[in-house]
Amino acid sequence: MPKIHPLEPLSAPEIAEAVRLLKSNPVFTATTRIISIMLREPRKSVVYGWPKTEKIDREADAVLFDNGRNTAIAVTLNLDAGKIVEVKEAPPGSQPTMSIDEQVECEQAVLSSPEFKAALKKHCGVEDTSLVMVDIWSAGNYGSEEDRTRRLARPLCFLRSDPGDNGYARPIEGIRPVVDLNTMQVIRVEEFGNWPLPPEPGNYAADRVTDKRESPKPLSITQPDGPSFQLEGNQMSWQGWKFVIGFNAREGLTLHHIRYEDKGCERSILYRASLTEMVVPYGDPRPTQVRKNAFDVGEYGMGMCANSLRLGCDCLGHIVYRDANMCDSRGGALSIPNAICIHEEDFGILWKHTDRRIPDKPEVRRSRRLVVSSISTVENYEYGFFWYFYQDGNIQFEIKLTGILSMGTLHAGEKPKYGALIAPQLYAPNHQHFFNVRLDFDIDGTVNTVQQVDIESVPMSEANDESNPFGNAFYAKATSLLTERQARAQINPATARVWKIINPAVKNHVGEPVGYKFLPGDNSFPYASPNAWWRKRAGFVNYHVWVTPFDESEKYAAGDYPNQSGGGDGLIRWTEADRPVADTDVVLWYTFGHTHIPRPEDYPVMPTAYIGFLLKPVGFFDLNPANNLPPSPQKTEGSEGHGCCGTGS
Ligand SMILES: [Cu+2]
């Protein structure tokens, strides 16, 4: 049996043991829920000592919530020693992630509320609640006493026409129940205007779509000799890459201890990569829509919302899966089979050149990429998280946005200013999706520096000036980031701005520090006022790039408890200290936003939209690391041909 890597996620038996320890402690009462149990990662220096280290205890971090006292409690456990190490109450008002159980119980609470039933009858003329969908939506914080003192949800409701119908096409616009999740009671039903349900159905399920097109012919991906990766436990090894695949209830998929084997040496690149938070603010001030903003990591738990993936549907090729092991809020085992998909893809051409003097010998290499992915459903929306590793040293992260728009109802003839008409009397408010990723770089060691690189033109000066006589000059200006406040920055297409993470002490074969380049992809600026309630809680959207010195307790961009928070926590607070960030263990945080002005083609289900970023080696290797890639066999029509896509192998 291979040694378990110290950063592998907790197994189902380890989570069961943690539950047993928690329940045997007086802190756990009849009104306590378990919000999450995840690996407490050993200290970095300990991990870097592995596998020579004698023994590393398996530890866990648990977050509990006592509904009776409206109090969150953080508990540290040592599973090997079978004991609780620390019990710490969170500051008053801290609201951890809403659990899966609360989603289900909240729906039941609304459906059985006499006040809700009365409103339903008044607005929709319906008494039967069996076709009503109640989606738990976080309540946010708008400065009221109840926002600070109760655990709240403010669900959105929809009415299906039959059990297989897409209920999101029929929003119940005029009714907003407010639920106290501590007592699991509807505390009031807020009523607004009375809108009729949109007249047309909007279905996408295969058995409901009647005018299906002809299927394209089969496309088979076969790997007769199996995949080219080795996976032992959660330790991946592929084409020089080595890393560990993690998963937890809050962040979902995480990657750890990413290395590349170069000339017989395992060289470190990234110690930990994770989605730390995301927020979806809606831009419609109508009273029924104005409070919509969801922090899908800190309020819902991206891991808890993960899908069980299916071969041939979610992933194609030779797939290896890993399950996600968690527990429900009462401590029962909650395992999502096949939550993580691992496979290889052909990705077109990695590189090519034809020398016209030897035209019968073009050199081409196919690009093979390794994909590690998971997909989460947060009520109406789907987010796919895809990490790609390439043979040229690139690492790419891509989020795939799909699922169903969050919509509202209009009166006939009404045209929405803050959204788009999608179907008769059905509209989708404008909104944005802001993600934040934490990248703990360790380029050839922990002591790194981040540089902001801007392209500068050289002004064409006086005649006879030798420095730029033809006005063609431009150069890359690298500014080393010395402190946290200096490092806060926005993307800048005007200067083709990128960031470089270098190890100043390790020089490459041309005498420059080794490094990796961070290339932002599509991005947006927030359009809500800086004084908007949600923005106070999501300070991480104020800048696209942040750099902090490594602190293992700083993991989440909006703080540990963004649910119903008063704001000001996380990156915005930590970086006010303006700590030094040069020549130290640095963490780069990236905020990237997708501005979604909906269109009819996003309905009834949204074709995938993509957003992400790329990491590229820059002077990390001596030359193109894929220069040594052998050519693949050439094929002729219908059969394996002779020769190969290069001068021979
Ligand atoms: Cu969207």
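**Notebook: rings in the predicted model**

I began with a lysine: K292 lies over the face of Y282, 4.5 Å from the ring centre. This is a predicted model, so I read every value here as computed from it.

Next I looked for another lysine placed over a ring. I found K44 over the face of F550, at 4.3 Å from the ring centre.

Then I turned to rings that pair with rings. How many aromatic pairs does the count come to? I noted 29 aromatic pairs. I picked out F435 and F592, whose ring centres are 5.5 Å apart. Why is this pair tilted? Their planes stand at 35°, and tilted is the word for angles that are neither under 30 degrees nor over 60.

I checked where the two partners sit in the chain. F435 belongs to strand β24 (residues 431-441) and F592 to strand β30 (residues 586-596). The pair links distant parts of the chain, with the two positions 157 residues apart. Are F435 and F592 buried or exposed? I found both of them buried.

I stayed with F592 and looked up its pairing with F613. This pair is edge-to-face, with 5.9 Å from centre to centre and 90° between the planes. F613 is in strand β31 (residues 606-617), while F592 is in strand β30. They are 21 residues apart, and this pair also links distant parts of the chain. Like F592, F613 is buried.

Last, I asked which residues form one aromatic cluster with F435, F592 and F613. I listed Y381, Y383, F385, W387, F397, W499, F518 and Y590 alongside those three.

How values were computed:
Residues numbered from 1 in each chain as written. Predicted model: local features only at pLDDT ≥ 70, side-chain atom pairs only at ≥ 80, totals over all residues. Heavy atoms only, no water. Phe/Tyr/Trp six-rings, centres within 6.5 Å; stacked < 30°, edge-to-face > 60°. Helix = DSSP H or I, 4+ residues; strand = E, 2+ residues; numbered from the N terminus. Buried < 20%, exposed > 50% of the residue type's maximum accessible area, 1.4 Å probe, protein only. Lys NZ or Arg CZ within 6 Å of the ring centre and 35° of its normal.
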